Amino acid sequence: MATRVLVVEDDDKIAPPLVRTLEREGYDVERVAEGLAAVDRIAVGDVELVLLDLGLPDIDGLEVCRRAREGGYHGGIIILTARDGELDRVVGLDVGADDYLAKPFALAELLARARALLRRSAAPVAAEAAAPAAPASSGLRVDTAARRTWVGGAEVSMTSKEFDVLVLLDEVRGAVVTRERLTNEVWDENWFGSTKMVDATVGRLRQKLEEAGAPVQIANVRGVGFRLEDQPGA
């Protein structure tokens, strides 16, 4: 079955050629022109990637992103926007976007980023279905096969990028993982965007672990990267 992509774009000069390009690449593409319609469509399910414009006629694309994540959407979100300021980038990442492209952008670059994000987002359904129940303990459990995380008996909902960051940190718990390694392995070795993307993703992951009561904490090693540490007494 073809990968389903939702294009959220109100500009009729941009959306049709983008949709045609994606369809030529073999994607199953839907397009909506308003934010509320996008939120409703994402909630239905089966959308694996959202290409999201910020300047929508009803609600801002950032609000669409926020509502989608709060509603449990774990697929990829790439923001497409004419806004190119650092503040806009950071805010977009803070509300759960995975990537960010400023208009005008090259279609080849968009397709490359979409492919990379979809590879990372593809959860092995068979492994998830066969995954054992969460352990009845107070510890943190990261199941890389099923791409699921538990704190005690409660599952912690994460985006694809948040999970990938946690996997790297957990693999070498207690050791530092550099920003460069996170960028290369979670995003792409040719990524040239702002390092704010790494910081924003780690920040969201840290908050989720804290809210779940995980017996670990993510420490910031200034100028180097991050370290996953067991909390004293945990």
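This is a short walk through a predicted model, one selection at a time.

Before you start, note that residues are numbered from 1 along each chain as its sequence is written, and that side-chain values use heavy atoms, with hydrogens and water left out. Because the model is predicted, local features need pLDDT of at least 70 and side-chain atom pairs count only at pLDDT 80 or more, while totals for chains, interfaces and linings use all residues.

**The whole chain**

Show everything as a cartoon and you will find 9 helices and 11 strands; helices (H or I, at least four residues) and strands (E, at least two) are DSSP runs, numbered from the N terminus. Of the 234 residues, 46% are buried, meaning under 20% relative accessible area (over 50% is exposed, in between is partly exposed; 1.4 Å probe, protein chains only).

**The five-stranded sheet**

Now select β1 to β5, an open, parallel sheet in the order β2-β1-β3-β4-β5. Its edge strands are β2 (28–32) and β5 (99–102), each pairing on one side only; two strands pair if DSSP finds at least two bridges between them. Neighbouring strands here are turned by 20 degrees against each other on average, direction ignored. Zoom in on β1 (residues 4–8), which is joined to β2 by 5 bridges, with Val8 opposite Val32.

Add helix α1 (residues 15–24): it lies across β1, β2, β3 (49–53) and β4 (76–81), at about 165 degrees to β2. For such angles, axes are lines fitted to C-alpha atoms, for helices over the stretch in contact, and the values run from 0 to 180 degrees between N-to-C directions.

**The three-stranded sheet**

Next, select β9, β10 and β11, an open sheet in the order β9-β11-β10 with antiparallel pairing. The edges are β9 (176–178) and β10 (216–221), and neighbouring strands are turned by 25 degrees on average, direction ignored. Look between β9 and β11 (residues 225–230) for 3 bridges, and find Thr178 standing opposite Gly225.

Bring in helix α7 (residues 160–171), which lies across β9, β10 and β11 at about 65 degrees to β11. Helix α8 also packs on this sheet, touching β9, β10 and β11, and its direction makes about 65 degrees with that of β9.

**A stop at Thr183**

Stay with α8 (residues 179–187) and pick Thr183. Is this residue buried or exposed? Thr183 counts as buried because its relative accessibility is 12%. Draw a distance from a polar atom of its side chain to the backbone oxygen of Arg179, and you should read 2.9 Å.

**Where α7 meets α9**

Select α7 alone: 10 of its 12 residues are buried, among them Phe163, Asp164 and Val167. Its end C-alpha atoms are 17 Å apart, which agrees with the 16 Å that its 12 residues should span at 1.5 Å a residue; the expected span is 1.5 Å times one less than the number of residues.

Then add α9 (residues 196–211), which has 16 residues and reaches 22 Å from its first C-alpha to its last. Its buried residues include Met197, Val198 and Ala200.

How do the two helices meet? They pack at an angle of about 80 degrees, with their axes 9 Å apart, so α7 is roughly perpendicular to α9 (65 to 115 degrees; under 35 is roughly parallel, over 145 roughly antiparallel and the rest oblique). Show as sticks Lys161, Glu162, Val165, Leu166 and Leu169 of α7, with Thr201, Val202, Arg204, Leu205, Lys208 and Leu209 of α9, which make the contact (heavy atoms within 4.5 Å).

Finish just after α9, at Gly213, which takes a positive phi of about 75 degrees.

Technical notes:
Polar contact = N/O pair within 3.5 Å; in protein donor to acceptor, adjacent residues only side chain to side chain.
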